[in-house]
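Visitor: Could you take me closely through one part of this model, beginning with a single side chain and its surroundings, and then place that part within the whole chain?

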Amino acid sequence: MGMVSEFKEFIAKGNVLDLAVAVVIGAAFGRIVTALVDGIVMPVVSLVTGGVSVDDWKLVVTPAQADATGKEIAAEVAIRYGTFLQSVIDFLIVAFVIFLVIKAYNRIRRPVEAAPAAPAEEVLLLREIRDSLKR
């Protein structure tokens, strides 16, 4: 089988389409969570920290240098750990919401225990024979 025909077979499987839909929904969900974090969570954190945005937190290694006219000669070198922290908070919120969605989905989809199946006809006949031999 050639590579092209294998690729066609791979694409024709339903799993690829499901994965594509999941990626699109995941991207949209990521935007929703980012809006939640930026619009609701981080302002509350900013209030707690005295009005400083978490995204602005940084460790300045080398401050910016300016000449006598005030024009910047060298840019500031800083470790922007606030941006990393904001991404971690975004991730934790996304992970928690996905956990809740999967938990609810599993609760809804919990298999219903089926009633025990009726015994096969052969088993019934063997039981009748056994019972008649006991008499």
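Guide: Let us start with Val16, which touches Phe10 and Ile11 once residues up to four places away in sequence are left out, where contact means heavy atoms within 4.5 Å. This is a predicted model, in which local features need pLDDT of at least 70 and side-chain atom pairs count only at pLDDT 80 or more, whereas totals for chains, interfaces and linings use all residues. Residues are numbered from 1 along each chain as its sequence is written, and side-chain values use heavy atoms, with hydrogens and water left out.

Val16 is found in helix H2, helices being DSSP runs of H or I with at least four residues and strands being runs of E with at least two, both numbered from the N terminus. Val16 counts as partly exposed because its relative accessibility is 23%; buried means under 20% relative accessible area, exposed means over 50%, and partly exposed covers what lies in between, with a 1.4 Å probe and protein chains only. From C-alpha to C-alpha, Val16 and Val88 are 29 Å apart in space, and 72 residues separate them in sequence. Arg31 also lies in helix H2, and with a relative accessible area of 61% it is therefore exposed. Between the C-alpha atoms of Arg31 and Ile108 the separation is 27 Å, for two residues 77 apart along the chain.

Helix H2 also takes part in the packing of nonpolar side chains. The largest nonpolar core consists of 5 residues, namely Val33, Val37, Met42, Val54 and Ile93, and helix H2, spanning residues 14–48, gives the most to this core, with 3 residues. Such a core is a set of buried Ala, Val, Leu, Ile, Met, Phe, Trp, Tyr and Cys residues joined through side-chain atoms within 4.5 Å. Ile93, apart from its neighbours within four places in sequence, is in contact with Val33, Leu36, Val37 and Val41.

Gln86 meets several of these core residues as well. It lies in helix H3, residues 81–108, and because its relative accessibility is 12% it counts as buried. Beyond residues up to four places away in sequence, Gln86 touches Val37, Asp38, Met42, Val54 and Asp55.

Asp55 leads on to Arg80, which has its place in the loop between strand E4 (77–79) and H3. Leaving aside neighbours within four places in sequence, Arg80 is in contact with Asp55, Trp57 and Lys58. The C-alpha atoms of Arg80 and Trp57 are separated by 6.3 Å, although the two residues are 23 apart along the chain. Arg80 has a relative accessible area of 43% and so is partly exposed.

Ala64 offers a second loop to compare, for it is found between strand E1 (59–62) and strand E2 (65–66). With 44% relative accessibility, Ala64 therefore counts as partly exposed, and, not counting residues up to four places away in sequence, it touches Glu72, Ala74, Ala75 and Glu76. Ala64 and Ala78 stand 14 residues apart in sequence and 9.7 Å apart in space, C-alpha to C-alpha.

Set within the whole, these parts belong to a protein chain with 4 helices and 4 strands, which follow the pattern α-α-β-β-β-β-α-α along the sequence. The C-alpha atoms fill a box of roughly 115 × 50 × 25 Å along the principal axes. The radius of gyration is 31 Å, whereas a compact globule of 135 residues would have one near 14 Å; this radius is taken over C-alpha atoms, and the globule rule is 2.2 Å times the number of residues to the power 0.38. Of the 135 residues, 7% count as buried. Among contacts between residues at least 6 apart in sequence, 41% join residues at least 24 apart.
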